[in-house]
Amino acid sequence: MHAEPRASRFVQRLGEGGERRIRVSFEFFPPKTEEMEKTLWESITRLAPLRPNFVSVTYGAGGSTRERTHSTVKRILAETALTPAAHLTCVAATCEEIDAVIRSYCTAGVRHIVALRGDPVGGVGERYAPHPAGYRNAADLVAGIKSLSDVEVSVSAYPEKHPDSPTVEADLDMLAAKVDAGAARAITQFFFENDLYFRYLDRVRARGIDVPVVPGILPVQNFKQTKAFAARCGASVPDWLAERFEGLEEDAATRKLIAAAVAAEQVLDLVDRGVTDFHFYTMNRADLVYAVCHLLGLRPSHANGALPLPAGERVGVRGVG
Ligand SMILES: Cc1cc2nc3c(=O)[nH]c(=O)nc-3n(C[C@H](O)[C@H](O)[C@H](O)COP(=O)(O)OP(=O)(O)OC[C@H]3O[C@@H](n4cnc5c(N)ncnc54)[C@H](O)[C@@H]3O)c2cc1C
């Protein structure tokens, strides 16, 4: 007997003209070189027809990185129909300087900001010290943004706890403070074990936090890099994941197939368990993300004539969001 996975049935219904229920957002980082800029824009161009809910652009330490974020966000606004979400951190800037950035985004037409504390200037592992005249933390920044404009604000969430946080409870307190200050959505740090996400979501809901908590999905473009990054941001890398990439150091083609299989398995299990919204850490590369979105039933809008999303509809986790 042929038993189709629930996720496939769900995705199939979407393909039959049902209400579009899967929603995705894509995260990019500002390019440093002309070549990286070209890759980024090829990726944006490839992913745009999937009609993401929004595309976000990260924000780094240092003036030149920040300038690149601003110019990338502004170019997305000028040259695409996408909704950009500009990341913004509290690091090494006064409230006045940050407020000027917020105002300039609003003037340019940005309607969505991802508000973050950011990492210490000395790098992850150093003790974070707020700028004496700056926003103290992400909740403070959310309040600052909301006092200047009614833009949509998303914030971070950590299914495995932020490394600076003494306890999961302290983490949840910070998430609650960010939501109380006006955040409409949390986007999680990436994770590879879906149970971690659902356990965290239970705790978030038990804490009375009711905004959507959108899972951040990182297709593993480069396992070694992912492992190093995970160690810095407190995300665990299960042994089974390491085993899947074992021995493929010199075999990029197979690595890519494995990466697509791993990400597909993860998102389809999330769909099976009621998740409808996904935030993809694209690393500025389109193909793995495009393939996973295809599996999720998303098609370029010119191919299926899909209708725009109903205005004002909130993203959420079906059944739990
Ligand atoms: C979706 C997403 C997008 C991101 N985008 C960017 C980006 O564009 N640019 C960038 O630089 N980084 C980015 N980051 C990383 C983020 O800046 C770091 O994880 C940073 O260390 C924390 O910022 P936050 O807003 O997540 O922290 P918060 O939510 O403010 O805090 C996280 C946890 O740390 C605890 N904590 C905070 N400060 C202290 C303290 N001083 N002492 C003890 N505990 C403390 C809080 O209680 C909370 O539990 C992103 C992370 C995510 C999940």
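## Around the ligand and among the rings

Let's start with the ligand: 22 residues surround it, and the ones that come nearest are Tyr-59, Ser-156, Tyr-158, Asp-171 and Lys-178. Keep in mind as you look around that this is a predicted model.

What kinds of residues make up that shell? The shell around the ligand divides into nine nonpolar residues, eight polar ones and five charged ones.

Now zoom in on some polar side chains. Each row below pairs an N or O atom of a side chain with an oxygen atom of the ligand.

| Side chain | Distance to an oxygen atom of the ligand |
|---|---|
| His-87 | 2.9 Å |
| Asp-119 | 2.6 Å |
| Asp-171 | 2.2 Å |

Asp-171 turns up twice here: this residue is among those that come nearest to the ligand, and a side-chain N or O atom of Asp-171 is 2.2 Å from a ligand oxygen. How much of the ligand does the protein cover? On its own the ligand has 960 Å² of accessible area, and the protein covers 83% of that.

Where in the fold does the shell come from? Three elements give two or more residues to it: β3 (84-89), α6 (168-180) and β6 (185-190). Helix α6 supplies the largest share, with four residues.

Next, the aromatic rings. To describe a pair of them, you give the distance of the centres and the angle of the planes. In this model the count comes to eight aromatic pairs. One of them joins Phe-26 and Phe-280, with 6.3 Å from centre to centre and 40° between the planes, and this pair is tilted. The two partners belong to distant parts of the chain: Phe-26 is in strand β1 (residues 23-28) and Phe-280 is in strand β8 (residues 277-281), 254 residues apart.

Are these two rings' residues buried or exposed? Phe-26 has 0% relative accessibility, so it counts as buried. Phe-280 counts as buried too, because its relative accessibility is 0%.

Elsewhere, ring pairs tie Phe-190, Phe-192, Phe-229 and Tyr-281 together into a cluster. If you want to find a link back to the strands, Tyr-281 falls within β8 (residues 277-281), and Phe-190 falls within β6 (185-190), one of the elements that help to form the ligand shell.

Finally, a couple of rings have a charge for company. The charged end of Arg-46 sits over the ring of Tyr-290, 3.8 Å from the centre of that ring. Over the ring of Trp-41 you'll find the charged end of Arg-75, at 3.9 Å from the ring centre.

Key:
Residues are numbered from 1 along each chain as its sequence is written. This is a predicted model: local features need pLDDT of at least 70, side-chain atom pairs count only at pLDDT 80 or more; totals for chains, interfaces and linings use all residues. Side-chain values use heavy atoms; hydrogens and water are left out. A residue is near a molecule or strand if one of its heavy atoms lies within 4 Å of it. A polar contact is a pair of N or O atoms within 3.5 Å; within protein, one must be able to donate a hydrogen and the other to accept it, and residues adjacent in sequence count only if both atoms are side-chain atoms. Accessible areas come from the Shrake-Rupley method with a 1.4 Å probe; for residues, only the protein chains shown count as cover. Ala, Val, Leu, Ile, Met, Phe, Trp, Tyr, Cys and Pro count as nonpolar, Asp, Glu, Lys and Arg as charged, and the others, Gly among them, as polar. Rings of Phe, Tyr and Trp (its six-membered ring) pair if their centres lie within 6.5 Å; planes under 30 degrees apart count as stacked, over 60 as edge-to-face and the rest as tilted. Buried means under 20% relative accessible area, exposed over 50%, partly exposed in between (1.4 Å probe, protein chains only). A charge sits over a ring if NZ of Lys or CZ of Arg is within 6 Å of the ring centre and within 35 degrees of the ring normal.
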